[in-house]
Amino acid sequence: MDNQGRRLEEGKKLTAEVEKTLEEGRLMLAYTGKKVRLHHRGEAELMREAIWNSDEETNALDPIVGTTGNHQTFAIKTLGSKHIGTCAVYNFDARDGQVGIRIGNKNYWDKGYGTDAMSILVNYCLTILGIARVWLKVLPTNARAIRCYEKSGFTKCGKVVYDGIEFVMMERRR
Ligand SMILES: CC(C)(COP(=O)(O)OP(=O)(O)OC[C@H]1O[C@@H](n2cnc3c(N)ncnc32)[C@H](O)[C@@H]1OP(=O)(O)O)[C@@H](O)C(=O)NCCC(=O)NCCS
């Protein structure tokens, strides 16, 4: 390879590195908010979630009903790296996708962590995944969750029944 060829190769390598750094930066920004950051889950997070998922008060507010299809699930961590909950987008395509959230550590309820996590998740769905509409279901009695979703830009759009339980549907469009 002559000098010009080598310079061309080096230029291409540099461009690829810059693009990779930009992409990583874009993803890092997409996953980080004012109070929390979304992470992929490891073994420790899965074990903590299993403990949270056996809490009666939380399960009464957020009955787990079966979900199908594709999904991406994230651990919610404070900016100080404490694992406090889980959120996910599932059954999604370009047209729409369902989202859900659970702040498993009750000490972190009512402090704005849920709103921040949901805002990051929705932004990720609408801009990175390119989903046109995200929606969720919530018990009509779960005023805290409804308020959290309203603060994250969701509006009520109907009702849906799962396993005999009636939920309010809320949506946010791109
Ligand atoms: C629902 C959940 C994700 C919300 O996250 P969070 O961090 O607690 O919520 P935020 O602090 O961001 O927002 C809660 C808002 O509800 C308000 N709120 C709390 N209890 C309320 C009530 N009984 N009535 C009305 N508003 C209430 C809070 O004051 C706050 O609003 P504000 O900031 O305007 O004061 C979290 O509490 C959670 O996971 N709960 C248990 C499981 C659950 O309910 N999951 C959702 C299933 S759909």
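## A tour from the ligand outwards

Start by selecting the ligand: 20 residues surround it, and the closest are Asp-62, Gly-114, Thr-115, Ala-143 and Arg-147. Keep in mind as you click around that this is a predicted model.

Next, colour the elements that give two or more residues to this shell: α3 (56-61), β4 (96-103), α4 (113-128) and α5 (143-151). Which of them gives the largest share? It is α5, with 5 residues. If you now colour the shell by chemistry, you will find 9 nonpolar, 5 polar and 6 charged residues.

**Zoom out to the whole chain**

Show the cartoon for the full protein, which has 5 helices and 7 strands. Following the chain from the N terminus, you pass elements in the order α-β-α-α-β-β-β-α-β-α-β-β. The C-alpha trace spans about 70 × 35 × 25 Å along its principal axes. Of the 174 residues, 24% count as buried. Among contacts between residues at least 6 apart in sequence, 57% join residues at least 24 apart.

**Select the strands**

With the strands alone on screen, you can trace an open sheet of 7 strands, in the order β1-β2-β3-β4-β5-β7-β6, with mixed pairing. Look at the two ends: β1 and β6 (155-162) are the edge strands, and each has a single partner, so one side of each lacks a neighbour in the sheet. Rotate the view to see the twist; neighbouring strands are turned by 30 degrees against each other on average, direction ignored.

Now bring back α5, the helix you met in the ligand shell. It packs on the sheet, where α5 touches β5 and β7 (165-173), and its direction makes about 165 degrees with that of β5.

For a close-up of one pairing, go to β1 and β2, which run antiparallel and are joined by 4 bridges. Pick His-39 and you will find its bridge partner in β2, Ala-75.

**Finish in the core**

Finally, select the largest nonpolar core. It has 29 residues, of which Ile-76, Cys-87, Ala-117 and Leu-121 touch the most other members. At least two core residues come from each of β1 (36-39), β2 (71-78), β3 (83-90), β4, α4, β5 (133-138) and α5. The largest share, 8 residues, is supplied by α4.

Centre the view on Ile-76 for the last stop. Leaving aside residues up to four places away in sequence, Ile-76 touches Val-36, Leu-38, Ile-84, Gly-85, Thr-86, Cys-87, Ile-103 and Ala-117.

Terms used:
Residues are numbered from 1 along each chain as its sequence is written. This is a predicted model: local features need pLDDT of at least 70, side-chain atom pairs count only at pLDDT 80 or more; totals for chains, interfaces and linings use all residues. A residue is near a molecule or strand if its C-beta atom, placed from the backbone, lies within 6 Å of it. Ala, Val, Leu, Ile, Met, Phe, Trp, Tyr, Cys and Pro count as nonpolar, Asp, Glu, Lys and Arg as charged, and the others, Gly among them, as polar. A nonpolar core is a set of buried Ala, Val, Leu, Ile, Met, Phe, Trp, Tyr and Cys residues joined through C-beta atoms within 7 Å. A residue is buried if 20 or more other C-beta atoms lie within 10 Å of its own, exposed if 12 or fewer, and partly exposed in between; C-beta atoms are placed from the backbone. Two residues are in contact if their C-beta atoms, placed from the backbone, lie within 7 Å. Two strands pair if DSSP finds at least two bridges between them. Axes are lines fitted to C-alpha atoms, for helices over the stretch in contact, and angles run from 0 to 180 degrees between N-to-C directions.
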